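Me: I should be grateful for a close look at a single part of this structure. Please define each term as it arises.

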Amino acid sequence: MIERICPKCKVPMNGDNCVNPKCGHATEMASTIYWCDECNIPIYEKECPVCGNEGRYLSTDLRPVFPEENMLVSLLITGNPFEYQKSSVWYGSNAYIIDGQKIKFSVGKENAKPLDEIKAIKAAYDEASKSLDYKYFEQSVSLFVKANADRYNYITEEAINFIQQYLNKYTIEDMMVSFSGGKDSTVTSHLVNRALGTNRILHVFGDTTLEFPYTLEYKKRFNKNEESQGVRILTAKNREKNFENLCEVVGPPSRVMRWCCTVFKTGAIQKTIASAFKDKNNILSFQGIRHNESASRSKYERESESPKISKQTVAAPIIDWTDFDVWLYILTTGIDFNEAYRLGWTRVGCWCCPNNGAWSEFLSKVHMYEQYVHWHDMLVEFAKQIGKPDPEDYVAEGGWKARQGGNGLAAAQTSIVAFEPCATDESAFNYDLQRPITDC
Ligand SMILES: [Zn+2]
């Protein structure tokens with residue numbers, strides 16, 4: 001049995017719990033974050049390393065709120081987009097935390113506003129954002145980085161050691177990084193390049209065709225950035241099928257029928273990897289999977305055989321990192337990342353995914369208005385087609401996300417097999433529709 005050392009105070013642990021009574025840290029997915037009232041920042045240690053004050057318990061996890069999101073939230077809460085500009089703003093335990101105080105804010109209420117009202121919010125935001133100022137944010141961040149340097153050093157060193165052990169088993173040519181343009185794969189890529197001392201590891205980017213415009217822009221500048229200069233990125237994309245056309249035939253994807261993941265993601269990535277590594281028997285794929293990302297991912301091991309792609313071992317260097325850790329890494333190293341996070345999105349898969357939350361949907365209305373309206377009209381059209389008495393309400397209340405079957409759809413009622421002919425990976429799509437797809 002391996003002796004476990006508390007990541008917080010470095011004394012041995014009893015199972016998941018630290019035996020040091022002053023620390024009491026539990027290594028679950030969530031950790032304990034404190035707030036230093038003196039420095040006005042979140043801290044990982046109970047005693048603030050900058051000023052020595054004792055922090056008070058704040059939340060189990062935390063993410064920064066960048067000036068762009070700050071501006072929008074200020075506008076929604078107070079009517080003044082600059083209200084919290086000088087404040088230290090974070091998000092944790094389902095609340096905005098402004099200068100250490102949790103603020104009441106109903107995302108559902110905002111998202112339920114009629115589109116013309118949201119259009120007015122967008123106009124006010126766009127105007128205010130011309131005077132966007134990062135000065136106060138940067139002051140907070142530099143103090144935050146300083147106060148949490150021990151935590152940064154610990155998680156970084158640990159992850160780098162984990163990655164380096166693969167050098168005994170694999171050559172650089174047998175390795176790849178699965179790159180989505182999200183924060184977790186950004187950090188994983190950076191750690192892998194650092195640990196292996198090269199930018200030569202192939203990156204595979206799965207383009208679902210429903211990517212945020214910010215993700216595509218980030219991908220474009222990725223191998224020009226100083227930290228990831230020259231990285232080779234292969235784009236995996238299904239160029240034969242079109243999402244909107246498929247929506248017309250089988251209906252939009254819902255939470256239990258996420259056919260889009262198989263057609264536009266898994267299948268395309270499988271093909272690209274198979275052709276890029278066609279002479280290899282065993283490849284190693286570094287992925288940014290994390291336990292606290294979703295319940296379905298909490299069962300993952302740090303190293304596993306890929307269930308989807310044969311002869312592929314998956315290594316997840318940051319599997320136990322919290323959001324706090326990921327952001328601490330990004331803010332400490334100063335590496336570039338996807339702009340969607342600055343605007344307030346917390347995940348950057350497909351922008352219209354039925355699994356996205358109300359805040360994500362609200363942000364789409366504000367920042368991607370035209371695309372949102374187009375998508376909304378498609379959903380209303382679909383609702384009419386399947387005979388919903390009040391199509392607008394069906395869409396507004398998210399009824400399409402909960403859809404269980406192909407009721408009312410001509411194609412689904414006759415036979416899904418009708419548009420099968422190709423016997424490639426995507427044919428899995430035909431029966432994947434019949435059962436829940438829970439993870440992708
Ligand atoms: Zn302090």
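Reply: The account below concerns helix 13 and its surroundings. The model is predicted: local features need pLDDT of at least 70, side-chain atom pairs count only at pLDDT 80 or more, and totals for chains, interfaces and linings use all residues. Residues are numbered from 1 along each chain as its sequence is written.

Helix 13 comprises 17 residues, 369-385. Helices (H or I, at least four residues) are DSSP runs, as are strands (E, at least two), and both are numbered from the N terminus. From its first C-alpha to its last, helix 13 reaches 24 Å, close to the 24 Å expected at 1.5 Å a residue; the expected span is 1.5 Å times one less than the number of residues.

Tyr372, Leu379, Phe382 and Ala383 are the buried residues of helix 13. A residue counts as buried if 20 or more other C-beta atoms lie within 10 Å of its own, as exposed if 12 or fewer do, and as partly exposed in between, with C-beta atoms placed from the backbone. The buried residues lie on the same side of helix 13 because they cover an arc of only 100 degrees around the axis. That arc is taken from the directions from the helix axis to the C-beta atoms.

On the face turned away from this buried side, helix 13 carries the exposed residues Glu370, His374 and Asp377. Its buried residues, by contrast, pack against helix 12 (358-367) and helix 14 (391-396); two residues are in contact if their C-beta atoms, placed from the backbone, lie within 7 Å. Helix 13 is followed by Gly387, which has a positive phi, near 75 degrees.
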